[in-house]
Each structure stands twice: as structure tokens, then as C-alpha cells.
Amino acid sequence: MSPRRELRSKLASRAVQVGFVGAIILLWYLGTNYWGISPVLLPNPVKVWAELRDVLGSGEFWPDLRVTLTELATAFAISCTGGVTIGYLISRSPYFIKVFEPLLAGIYSVPIILFLPLYVLFFGLGPGSKIAIGTTISFFPIVLNTIAGFGYVDKIFVTAARSMGASNLQMFWHVLLPAALPVILTGLRIGFTVALLSILGSETIASLQGLGHRIVQLAEGMETARMFAYIAFAVVIAACLNATVSGIERRSKR
């Protein structure tokens, strides 16, 4: 595809995305102004925008945002370090792959968020339980993709490197890691996304701080417009973080 056609395709995709969001906001506005939807259930988008501007102008979101991002960074750092290390060690043995890969995949299929009450009992309502649940949920896609990346490198590359006298270190840096990196990066992106979602979700269930806790607090106080403003703020933050991670993934794959 030529660069001009590729640019045109990207612009068309962005136009469709913007149009979709605009259509949702338009339906939202019509529903609250002309179709009789109760403002208690769905406030007017103009009022939500005013509340969002007030939230951003006052800076009251900083303590909650700081807590959520700290929990996310800690959980992802732990799961990333543990998942990549354990995945690499498992991938070095075909027997370990045969034993642990289906076992880890089976555990990953279980909705781990159900164990949140146990994490709250062990770590309390503070950041500890959110870090624990985020680490646990994000660990599995990272370790499984690491196993897949390192464990299924084409044997021709390995045999060729060995025949040319490559050491174990050279084998890792010049053969195994370049071949496995795209798959590992995909696992890291998925792990980051599920960590973010699980932390925000667990904050709405049992927490003392964070964006999720603030949203629930506003809902209980029937401050619907401000609640939607915080939801919009959390969605924008999540979208920006995911776009950043996806951009890093694409650049690293090149």
C-alpha cells in the first residue's frame, strides 16, 4: 500500500471513530432533553461537561488518580517481572511447557476477580488488595505469552546458531529474544490492560481511595452528573494509557 493510500485509510478510520463517539453523544443529548430520560439515571451531557471542567479545574482528582496509578504501576511491575522470568524458565524445558502451560491457561480461565474478598481479608481495603488482584490477573497473559514466545522459536534458527558456535548468552540475545519479543510484547499489553481494568473494578467494590471508589461514593450520594464526569475522566485516562502502551509495543516490534 502506498504511503498516500495508507494515510487516507488512517484518516478514514479516525473519522469513523470520531463520528461514532459524536453519534453517541448526540443520542445522549436528545434522550435527556427530548425523550424524557430521567436526569437521575442519565444526566444531561452539557451538565456532565460542566462538572468535568469543575473537577479538572479544582484538581480534586489528583489524590484518587495518584492512588490508582500507583496501584497500577506496582501491580504491573510485579506481574511483568514475575511473568517474564517464570515464563522463560518454563520455556527452557519441553516437559515443563507440557505440564505448566495448560495448567496456567486453565487457571487464567477462572474469573479471578471472584477472589477479591479473600484479598481484602488478607491485605485490607487499602492499596494492597488492589495491587494483589491486579498482579494476579495480569500475571497469566504475560507468563503464557512468554512461554509461547520463547518455547516455540523455530528450531532452524537455534540449530544454525549452535552450528556457528553461539554461546548461551549469544543465543539468548541474538536468536531467542528477537524471535520471542513480538509475542511477549503482546502479552505485556494485554497484562497492562487487564491490570488497569481489574484495579478500577476492584476499587468500585471494596476500597478507601482511588477513582473507582470516588465514582461509587458519588453514586451513593446521588451526584449523578459528577459521577459521569469522573467516569468520563477515568475512560480518557484508560484510553491514553492503553494508547501509550500500544504505541510502545508497535515501536518495539519494529
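**A walk through an all-helix chain**

Let's start on the outside, where Val110, Ile113, Leu114, Phe115, Leu118, Leu121, Phe122, Phe123 and Ile205 make a nonpolar surface patch of about 950 Å². Keep in mind that you are looking at a predicted model. Which helix gives the most to this patch? That would be helix α5, residues 116-123, with four residues. Phe123 is found in this helix. With a relative accessible area of 46%, Phe123 counts as partly exposed, because that label covers values from 20% to 50%.

Now zoom out to the whole chain. You can count 10 helices and zero strands, so reading along the sequence gives you the pattern α-α-α-α-α-α-α-α-α-α. How spread out is the chain? Its radius of gyration is 23 Å, while the globule rule gives 18 Å for 254 residues, so the chain is more spread out than a compact globule. If you draw a box around the C-alpha atoms along the principal axes, it comes out at roughly 75 × 55 × 30 Å.

What about inside and outside? Of the 254 residues, 37% count as buried. The chain exposes about 15,000 Å², and 70% of that comes from carbon and sulfur atoms. Parts that sit far apart in the sequence also meet a lot: among contacts with a separation of 6 or more, 73% are between residues 24 or more positions apart.

Next, look for charged partners. The structure holds five salt bridges. One of them joins the side chains of Asp54 and Arg226, with N and O 2.8 Å apart. This pair links distant parts of the chain, since Asp54 is in helix α2 (residues 45-58) and Arg226 is in helix α10 (residues 224-253), 172 residues apart. The two partners sit in unlike surroundings: Asp54 is partly exposed, with a relative accessible area of 41%, whereas Arg226 is buried at 11%.

Then find Arg214, which forms a salt bridge with Glu60, the closest N and O atoms being 3.3 Å apart. Arg214 lies in helix α9 (residues 211-220) and Glu60 in the loop between α2 and α3, so this pair ties together parts 154 residues apart in sequence. Glu60 is partly exposed, at 27% relative accessibility. Arg214 also meets Asp64 in a salt bridge, at 3.1 Å from N to O. Asp64 belongs to helix α3, so here the parts tied together are 150 residues apart in sequence. Are Arg214 and Asp64 buried or exposed? Both are buried. Through shared partners, salt bridges join Glu51, Asp54, Glu60, Asp64, Arg214 and Arg226 into one network.

Finally, head for the nonpolar interior. The largest nonpolar core has 36 residues, and the members that touch the most others are Phe61, Leu72, Leu188, Leu211, Tyr230 and Phe233. Helices α2, α3, α6, α8, α9 and α10 each give two or more residues to this core. Of these, α8 gives the most, with 12 residues. Leu211 is a good place to pause: leaving out residues up to four places away in sequence, Leu211 touches Asp64, Leu65, Thr68, Leu200, Glu203, Tyr230, Phe233 and Ala234. Asp64, in that list, is the salt-bridge partner of Arg214 you met earlier. Apart from the largest core lies another core of 17 residues, including Leu104, Ile112, Ile133 and Ile137.

Methods
Residues numbered from 1 in each chain as written. Predicted model: local features only at pLDDT ≥ 70, side-chain atom pairs only at ≥ 80, totals over all residues. Heavy atoms only, no water. Patch = residues over 30% accessible without salt bridge, like charges linked within 9 Å, V, L, I, M, F, W, Y side chains within 5 Å. Areas by Shrake-Rupley, 256 points an atom, 1.4 Å probe, with all protein chains shown as cover. Salt bridge = Lys/Arg side-chain N within 4 Å of Asp/Glu carboxyl O. Buried < 20%, exposed > 50% of the residue type's maximum accessible area, 1.4 Å probe, protein only. Rg over C-alpha atoms; globule rule 2.2 N^0.38 Å. Contact = heavy atoms within 4.5 Å. Core = buried A, V, L, I, M, F, W, Y, C linked by side-chain atoms within 4.5 Å.
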